[in-house]
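Colleague: I have a model open and want to learn how to read its backbone and its contacts. Can you take me through some features?

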Amino acid sequence: MTTTLYLNARVFQAHAPDPSEAAASPASAFVVRDGVFAFVGGEADARSFAPEPDATVNLGGQLVLPGITDAHTHLVMMGEALGQVGLTDARDLAGIQRLLAEARAADPDARVLRGRGWLFNSIPDGAPTAAMIDEVIADIPVYLDANDYHSCWVNSAALRELGITRETPDPSGGRIECDVDGEPNGMLFETAAVEYAWVQRDLAMTDADRDAAVERVLAAYSEAGVTGVVDMALNEVALDALQRAAERRGGELPLRVAAHWLVSNTDDDVANLEQVERARELAGAHTSPWLRVVGIKLILDGTIDACTAAMSLPYADGSNADAIWPADRLFPVVAAADVAGLQIAMHAIGDAASTMALDALEAAFEANGDIARRHRIEHLEYAAPGTAERMSALGVTASMQPVHADPAILGNWIAQLDDDRVERGFAWHEYEEAETTLAFSTDAPTAPYGPLANLYVAATRGSALDPSFAATRVMGRTVPIERALAHATRDAAASVGDASWRGEIREGFAADFFVVDTDVLSEPAASLLTARAVLTVVGGRVTFES
């Protein structure tokens, strides 16, 4: 057995102590033995517990936190995004065009250009067109994923590559935007982006491209103190890429991956249920603590920014959106996944979508009886009053992303609602008060993957992207940093059923932790924006050291 003694630390354990332990001093030392916390407590007791360790590490009084679990991310897609042109910081069309032109000049032999992260309120009237890209790049296809990754903006060369013409029908749950003459204008919304732009991207990428993307994201997460992720929308090519990454490391990864298989609405119940069956097969085959398939992902609606989230009341312009999954298609899939023991994660940003999600779960529970289950609803940017209480009663986890409420990107979100619904946007405190399990995450690459910046938004409602933006006070309450950390560690691990063995610095738990160069628990909240991980450990193994 290998034993490491860690001394001179300030340890945040992320669990509420027993009443009998309320007066105990904060832990300042711990012992890791064979990948598990064998002891957590004071230095003298730690030395007594491990008098002859294989190694001793003096942490110099630095803060030790449980490893972050990013409870909703897209691993391979984020790795790809790290190699693309970032457009979030561009605040107007000229800025976007300048970044695209610079990227084209830097790689004149490129056959395609891909970018990501642009904001609707950076475009005149929030209406991007192919002609705007053509002004700076017309000779090769250009694909630009929106910041929310629910729409893709392309140029004329890309429309030709995709074979999209005025005769191309809208796919179910999506829209190919057209101009007044009926010609496609360069915007692909929801499933139109998935079925055209994303399918083309997957076909164009090689295994070597995906391997490079995976290595980028694994390194980035390790450097950020992330020790586990919940991957949403896994597919065959992404699973293969993650398996190859594990094989390159003897079967292990530098973080723990729990994945949800994307099930898309085909408007055919048989085909939909076949996707659930494929997820069940994969869940049985992939059970490693490093890479496992735990459930399915269903995208019920779009986003408020693009007016594609399903709302019970119209948007400010009078429009509304239908759900991507109609109830008669959704309910059989939810029931089948529930009885198969798969965790169901449903993307629901609008209140009509989250209400339908809970209706589907209630119907499945009634049909399938009393079985073990832990389902989730993702995002919940605007939910009907009482949603938190319904979720608590059903044992459904609220999976939310504070960084999506960053004031620097929120202007268009607010404008699309423009009524008292804004007051209840991103209502994290409602889920806390209802005692619903609340897991924080980033939804990278729709937002930056840095966990501490994410928690800054939760704790302040201020901007981690641009400090010049004032904190958004109209949208609910903040979450103290200690609780925010617990939602990103303990509760995020619990969101995939791992509450009994990881997510806390506790004896018998997996030794997943990171050391921070700043005591963010005692320094002002702004320290979260500059603090950095100096050591990341997963299962007792060092995955990053500065």
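Modeller: We will go through the backbone first, then one residue and its surroundings. Keep in mind that this is a predicted model.

Colleague: Which two residues does a cis peptide bond join?

Modeller: Read omega for this one. Ala444 and Pro445 are joined by a cis peptide bond, with omega about 10°. Pro445 sits in the loop between β18 (438-440) and α15 (451-460).

Colleague: Now phi. Which residue has a positive phi of about 55° although it is not a glycine?

Modeller: That is Tyr149. Its place is the loop between β8 (142-146) and β9 (151-154).

Colleague: Is Tyr149 buried or exposed?

Modeller: Buried means under 20% relative accessible area. Tyr149 has 7%, so it is buried.

Colleague: What is phi of Glu190, and where does Glu190 lie?

Modeller: Glu190 is not a glycine, and its phi is positive, near 50°. Glu190 belongs to strand β11 (residues 184-190). Its relative accessibility is 8%, so Glu190 counts as buried.

Colleague: Next, surroundings. How should I read Thr69?

Modeller: Start with its element, then accessibility, then partners. Thr69 is in strand β5 (residues 68-73). With 1% relative accessibility, Thr69 counts as buried.

Colleague: Which residues does Thr69 touch, leaving out those up to four places away in sequence?

Modeller: Among them are Gly228, Val229, Phe440 and Ala488. Arg502 is another one of the residues touched. The side chains of Thr69 and Arg502 make a polar contact at 2.9 Å.

Colleague: How many residues apart in sequence are Thr69 and Val226?

Modeller: They are 157 residues apart in sequence, yet 6.0 Å apart in space, C-alpha to C-alpha.

Notes:
Residues are numbered from 1 along each chain as its sequence is written. This is a predicted model: local features need pLDDT of at least 70, side-chain atom pairs count only at pLDDT 80 or more; totals for chains, interfaces and linings use all residues. Side-chain values use heavy atoms; hydrogens and water are left out. Helices (H or I, at least four residues) and strands (E, at least two) are DSSP runs, numbered from the N terminus. Buried means under 20% relative accessible area, exposed over 50%, partly exposed in between (1.4 Å probe, protein chains only). Contact means heavy atoms within 4.5 Å. A polar contact is a pair of N or O atoms within 3.5 Å; within protein, one must be able to donate a hydrogen and the other to accept it, and residues adjacent in sequence count only if both atoms are side-chain atoms.
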